[in-house]
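Welcome, and please open your viewer with the chain loaded. We will go from the whole fold down to single residues, one selection at a time.

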Amino acid sequence: MKNEKKKTYMEGLVKIDMIKKFMQDNNLTRKEFANMCKMSESTLYRILDGKHNFDLRYILYISITMKVQMYQLFNSKRP
């Protein structure tokens, strides 16, 4: 039990593939996208890796940058 991996609360909540596709379609590096979203590069890395209990403001910034509604970035069902 000691070495059990803790599940991250936000794991599977955000459509990470949608964010990565946007970055790829717009030829953006993680650093460039993080700057556009007004967050640190390390915060973006943790969100994209599903290892961050992030603040909703980051999803707001991402949705504004991607020009989508916030709810579109959330999975309707968690894995």
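The tour below starts with the overall layout and then moves through the helices, the core and the loops.

**Stop 1: the whole chain**

Before selecting anything, keep in mind that this is a predicted model. Show the chain as a cartoon and look for four helices and zero strands. Starting at the N terminus, the order of elements is α-α-α-α. Now switch on the surface: the accessible area is about 5900 Å², and carbon and sulfur atoms account for 50% of that area. Of the 79 residues, 34% count as buried. Among contacts with a separation of 6 or more, 57% join residues 24 or more positions apart.

**Stop 2: the core**

Next, select I19, F33, M39, I62 and M66 and show their side chains. Within the largest nonpolar core, which has 19 residues, these five touch the most other members. Color the helices to see where the core comes from: α1 (16-25), α2 (30-36), α3 (41-48) and α4 (56-66) each supply at least two of its residues.

Stay with M39 for a moment. Which residues does M39 touch, not counting those up to four places away in sequence? Select A34, L44, I47, Y58 and I62, and you have the set.

**Stop 3: two sides of α1**

Now select α1 and look down its axis. The buried residues here are I16, I19, F22 and M23. Seen from this viewpoint, they fall within an arc of 125 degrees, so these buried residues line one face of α1. What do they pack against? The partners are α2, α3 and α4. Turn to the face pointing away from the buried side, and you will find the exposed residues D17 and Q24.

**Stop 4: I16, and K15 before the helix**

Zoom in on I16, in helix α1. With a relative accessibility of 18%, I16 counts as buried, because the cut-off for that class is under 20%. Leaving aside neighbours within four places in sequence, I16 is in contact with I47, L48 and G50. Add F74 to the selection and draw a distance between the two C-alpha atoms: I16 and F74 are 58 residues apart in sequence, yet 8.9 Å apart in space.

Step back to K15, in the segment before α1. K15 is partly exposed, at 32% relative accessibility. Apart from neighbours within four places in sequence, the contacts of K15 are with Q72, L73, F74 and N75. For another distance to draw, try K15 to L48: these residues are 33 apart along the chain, and their C-alpha atoms are separated by 9.1 Å.

**Stop 5: two loop residues with positive phi**

Most residues other than glycine have a negative phi. The next two selections are worth viewing with that in mind.

Start with N27, in the loop between α1 and α2. N27 is not a glycine, but its phi is positive, at about 50 degrees. Along the chain, this residue comes just after α1. Is N27 buried or exposed? At 69% relative accessibility, N27 counts as exposed.

Then select K38, in the loop between α2 and α3. Here phi is near 60 degrees, again a positive value in a residue other than glycine. K38 is exposed too, with a relative accessible area of 65%.

**Stop 6: T43 and a polar contact**

Move on to T43, in helix α3. Its relative accessible area is 6%, and T43 is buried. Which side chain does the side chain of T43 meet in a polar contact? Show S40 as well: the two side chains make that contact at 2.8 Å.

**Stop 7: S63**

Our last selection is S63, in helix α4. S63 counts as buried, at 4% relative accessibility. To see what surrounds S63, add V68, Q69, M70 and L73, which S63 touches when residues up to four places away in sequence are not counted.

To finish, show the whole chain again and bring back the core selection of I19, F33, M39, I62 and M66, the members that touch the most others. With the four helices colored, you can follow how each of α1, α2, α3 and α4 supplies at least two residues of this core.

Note on methods: Residues are numbered from 1 along each chain as its sequence is written. This is a predicted model: local features need pLDDT of at least 70, side-chain atom pairs count only at pLDDT 80 or more; totals for chains, interfaces and linings use all residues. Side-chain values use heavy atoms; hydrogens and water are left out. A nonpolar core is a set of buried Ala, Val, Leu, Ile, Met, Phe, Trp, Tyr and Cys residues joined through side-chain atoms within 4.5 Å. Buried means under 20% relative accessible area, exposed over 50%, partly exposed in between (1.4 Å probe, protein chains only). Contact means heavy atoms within 4.5 Å. The arc is that of the directions from the helix axis to the C-beta atoms. Accessible areas come from the Shrake-Rupley method with a 1.4 Å probe; for residues, only the protein chains shown count as cover. A polar contact is a pair of N or O atoms within 3.5 Å; within protein, one must be able to donate a hydrogen and the other to accept it, and residues adjacent in sequence count only if both atoms are side-chain atoms.
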